Amino acid sequence: MPNDPESLLRIDALPSDDPTPGWFHTSQKRIPKPALVGDAKAPWVVIGGGFAGLAAARRLALNFPNDQVILVEAQQVGFGTSGRNAGFLIDVPHDISAPDYIGDKTVARNILNLNQTGQRILKDLVEEHNITDAHMRHSGKYQAAVEDSGMAVLDAYRGGLEALGEKCKIIEGSALEDIFGTSFYRKALYTPGTILVQPSGLVKGLADTLPENVTLYEDTAITAIEYEPQIVLHHATGRITAEKLILGNNAFGTHFGFGPRTIFPIFTYGSLTRPLTQSEQASIGGEDFWGIIPADPFGTTSRRTHDNRILIRNSFSFNEDGRHKPGYTEKYRLTHRQSFERRYPTLKDVPFEHTWGGGLGMTRNGSSLFGELRKNVYGALGCNGLGTVRCTAMGTMLADWLAGKSNDTIDYLLSLPKPEWNPPDPFLTMGVNFTLRRGMHNAGLEA
């Protein structure tokens with residue numbers, strides 16, 4: 001635009017994920033809402049059709065029933081980050097920087113409340129709207145270890161959870177094989193509060209059950225924005241004028257001029273097998289549904305899904321602009337193959353049907369960007385690996401706060417310290433890549 005106004009901010013990175021997300025392609029097909037053509041105007045505009053944006057748009061519509069809410073998603077709902085995680089709705093805090101993985105108990109209780117708030121919101125919506133494709137099960141989670149270092153982590157974490165008054169139990173040896181169908185793991189810490197879901201099926205269902213005063217536009221990327229004298233969002237074929245703007249687009253929120261160098265996108269990678277045959281299921285035994293997270297944060301997350309697939313999720317990359325990097329899924333698919341065959345050598349001939357990557361919005365101090373960012377602009381950004389529950393709670397609480405409501409969860413989110421700044425490039429890229437490589441190497445057999 002040769003005549004760009006001085007107030008125009010060009011968005012220098014638009015969401016672009018790889019085309020092979022397993023959860024998206026194995027969930028029910030839906031007809032996406034059409035992209036916006038031309039201009040639109042609304043009192044409220046929300047950017048981001050993931051957990052935070054969906055939650056904020058829904059609650060805004062309920063809190064302001066006479067107002068129109070526009071929700072804008074750059075890709076299709078369920079295709080982006082919110083449909084690419086491992087599908088764990090985790091309740092308990094997990095501070096890997098603390099010796100007992102709990103740390104300060106007051107902070108831990110606030111995090112517990114925040115996570116459980118997100119769980120309750122999602123559970124109620126799934127039940128209210130009968131979102132069967134979420135395949136939601138209140139099954140708990142196993143944090144499992146094979147290395148001595150990992151088992152020490154589990155013992156420390158159990159002590160921290162017990163001090164917090166949270167239920168948990170250690171399971172060892174052959175009892176684990178009866179659950180997972182593999183003798184690979186030596187010890188696991190079971191916590192009963194986690195809920196497992198099909199994440200893409202869940203967010204698709206949330207999008208298709210929004211209140212009538214929410215208009216969702218998919219495949220509508222915002223390419224530029226003006227904040228003064230009024231909020232104007234530019235897209236491929238027109239503009240959206242908003243009285244108030246909510247950013248629920250995680251790490252991409254930094255491209256809108258807020259929290260620069262505070263939220264950085266770390267990608268992790270997953271593979272899903274084809275469904276196991278009856279004979280393959282019988283060959284390994286075990287329970288038909290479970291979820292494992294690793295004792296080492298750089299280890300392997302695994303699930304046996306509702307449709308008898310095995311999920312393997314591990315490996316990390318720093319994608320500076322929040323977009324997928326060509327060739328990375330092929331590279332990490334080989335890593336997943338090794339991890340899968342270590343756990344299930346008798347299933348070595350079972351192929352992966354899907355391999356994909358997905359971004360996490362991470363901050364150095366584990367904090368989030370919540371509340372007012374500037375006049376009439378608000379954000380719920382920075383999921384730190386718990387986007388399912390944390391972003392749901394943050395989006396909902398932000399909409400309640402904007403309606404003048406208050407509660408302990410809102411007060412906690414407003415009290416959070418700002419995310420810490422990261423050093424400029426090339427130092428940031430060098431530091432993050434070194435940390436990721438070292439972590440993946442040191443994970444050992446946990447990977």
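In this predicted model, strand E18 (residues 369–374) lies beside strand E19 (residues 377–381), and the two pair in the antiparallel sense over five bridges. One of the residues taking part is Phe370, whose bridge partner in E19 is Ala380. The two strands form a hairpin, with two residues between them. In the turn, Asn376 has a positive phi of about 70°.

Next comes a pair of helices. Two packed helices are described by the angle between their axes and the distance between the axes. For helix H9 (residues 387–402) and helix H10 (residues 408–415), the angle is about 100° and the axes are 10 Å apart. Because angles of 65 to 115 degrees count as roughly perpendicular, H9 is roughly perpendicular to H10. On the H9 side of the contact are Met394, Met397, Asp400 and Trp401, which meet Thr409, Ile410, Leu413 and Leu414 in H10. By type, the residues of this contact divide into six nonpolar, one polar and one charged.

Helix H8 (residues 328–343) offers a simple check on helix length. With 1.5 Å a residue, its 16 residues should span 22 Å, and this agrees with the 23 Å that separates its end C-alpha atoms. Which residues of H8 are buried? They are Thr329, Tyr332, His336, Arg337, Ser339, Phe340 and Arg343. An α-helix has 3.6 residues a turn, so residues three or four places apart point the same way. The buried residues of H8 pack against three strands, namely E13 (264–273), E16 (310–318) and E17 (352–362).

Notes
Residues are numbered from 1 along each chain as its sequence is written. This is a predicted model: local features need pLDDT of at least 70, side-chain atom pairs count only at pLDDT 80 or more; totals for chains, interfaces and linings use all residues. Side-chain values use heavy atoms; hydrogens and water are left out. Two strands pair if DSSP finds at least two bridges between them. Helices (H or I, at least four residues) and strands (E, at least two) are DSSP runs, numbered from the N terminus. Axes are lines fitted to C-alpha atoms, for helices over the stretch in contact, and angles run from 0 to 180 degrees between N-to-C directions. Angles under 35 degrees count as roughly parallel, over 145 as roughly antiparallel, 65 to 115 as roughly perpendicular and the rest as oblique. Contact means heavy atoms within 4.5 Å. Ala, Val, Leu, Ile, Met, Phe, Trp, Tyr, Cys and Pro count as nonpolar, Asp, Glu, Lys and Arg as charged, and the others, Gly among them, as polar. The expected span of a helix is 1.5 Å times one less than its number of residues. Buried means under 20% relative accessible area, exposed over 50%, partly exposed in between (1.4 Å probe, protein chains only).
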